[in-house]
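I opened the notebook to look up three things: cysteines, pockets and one lysine. My notes follow in that order.

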Amino acid sequence: FSVSAAPDSIFPAEPNRYHLYISLACPFAHRALIVRALKGLEDVIGVTTVHDIMGEQGWCFDPKDSVTGAELIRELYSKANPEYTGRFTVPVLWDKKAQTIVNNESSEIMRMLYTEFDKWSSNPGVTYYPSHLRQSIDELNAWIFETINTGVYKTGFATSQEAYEKNCVILFESLD
């Protein structure tokens with residue numbers, strides 16, 4: 001799902017309707033927070049930072065989340081979809097009115113922040129995702145995501161020496 005400025009959107013762009021959940025320990029979540037600041041949306045979209053250490057039950061709030069009363073990020077996922085069995089990740093863009101998750105993919109959240117909230121931005125017109133460069137940006141981001149961003153995780157959390165060596169080579173070739 002995505003937020004849209006279109007009047008018939010399921011998730012219409014509105015000030016103070018959405019809340020962003022992040023962890024500063026997660027680079028994917030952190031980049032959504034950076035775009036929120038660059039676009040000047042601090043007064044438009046609230047933010048909550050989860051505890052910096054992920055516990056056995058996932059990301060937790062310390063103290064409880066003031067928006068939903070949740071103690072764990074997984075509670076937001078369960079509230080949005082009681083049948084959900086996937087990973088409980090951040091960032092999460094939460095719709096306070098509908099009481100549901102709009103999106104949990106950082107690049108998609110960033111695109112929404114770039115384009116759909118300009119009306120309320122303290123930096124209107126500023127874009128880091130210009131339409132004439134979007135294809136090139138998307139291609140570069142896909143390569144960076146696969147080989148570097150997740151490459152760090154694939155290397156660091158490899159469960160075998162073979163997987164470590166394979167991913168380490170890809171990662172360092174990309175960095176070069």
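**Cysteines**

I looked for disulfides first and found zero in the structure. The model is predicted. I then asked which cysteine sulfur is closest to the sulfur of cysteine 60. The closest is in cysteine 26, at 15 Å. A disulfide needs the two sulfur atoms within 2.5 Å, so at 15 Å this pair is too far for a bond.

Next I checked accessibility. Is cysteine 168 buried or exposed? I noted a relative accessible area of 17% for cysteine 168. The cut-off for buried is under 20%, so cysteine 168 counts as buried. Cysteine 60 comes out at 21%. Partly exposed begins where buried ends, at 20%, so cysteine 60 is partly exposed.

**Largest pocket**

I moved on to empty space. I looked up the volume of the largest pocket, and it is about 600 Å³. Its lining counts 22 residues, and I wrote down those closest to the pocket centre: Cys26, Phe28, Arg87, Thr89 and Val90. Cys26 had already come up as the cysteine with the sulfur closest to that of cysteine 60.

Which helix gives the largest share of this lining? I found that α4, residues 134–156, does so with three residues. I also sorted the lining by class. There are 11 nonpolar residues, eight polar ones and three charged ones.

**Second largest pocket**

I read off a volume of about 150 Å³ for the second largest pocket. I listed its lining along the chain: Arg31, Glu105, Ser107, Arg111, Asp138, Asn141, Ala142, Ile144, Phe145 and Asn149. Two helices, α3 (106–115) and α4, each supply at least two of these residues. The largest share again belongs to α4, here with six residues. By class I recorded three nonpolar, three polar and four charged residues in this lining.

**Lysine 119**

Last, I looked up one lysine. Where does lysine 119 lie? I placed lysine 119 in the loop between α3 and α4. Both helices were already in my notes as suppliers of the second pocket's lining. The relative accessible area of lysine 119 is 69%. Exposed means over 50%, so lysine 119 is exposed.

I also checked lysine 119 against alanine 13. The two are 106 residues apart along the chain. Their C-alpha atoms are separated by 9.2 Å.

Technical notes:
Residues are numbered from 1 along each chain as its sequence is written. This is a predicted model: local features need pLDDT of at least 70, side-chain atom pairs count only at pLDDT 80 or more; totals for chains, interfaces and linings use all residues. Side-chain values use heavy atoms; hydrogens and water are left out. On a 1 Å grid over the protein atoms alone, a cavity is a set of points where a 1.4 Å probe fits but cannot get out, and a pocket is an open set with protein on both sides within 12 Å along at least five of seven lines; lining residues have an atom within 4 Å of a point. Grid points are joined across faces, edges and corners, and a volume is the space filled by probe spheres set on the points. Helices (H or I, at least four residues) and strands (E, at least two) are DSSP runs, numbered from the N terminus. Ala, Val, Leu, Ile, Met, Phe, Trp, Tyr, Cys and Pro count as nonpolar, Asp, Glu, Lys and Arg as charged, and the others, Gly among them, as polar. Buried means under 20% relative accessible area, exposed over 50%, partly exposed in between (1.4 Å probe, protein chains only).
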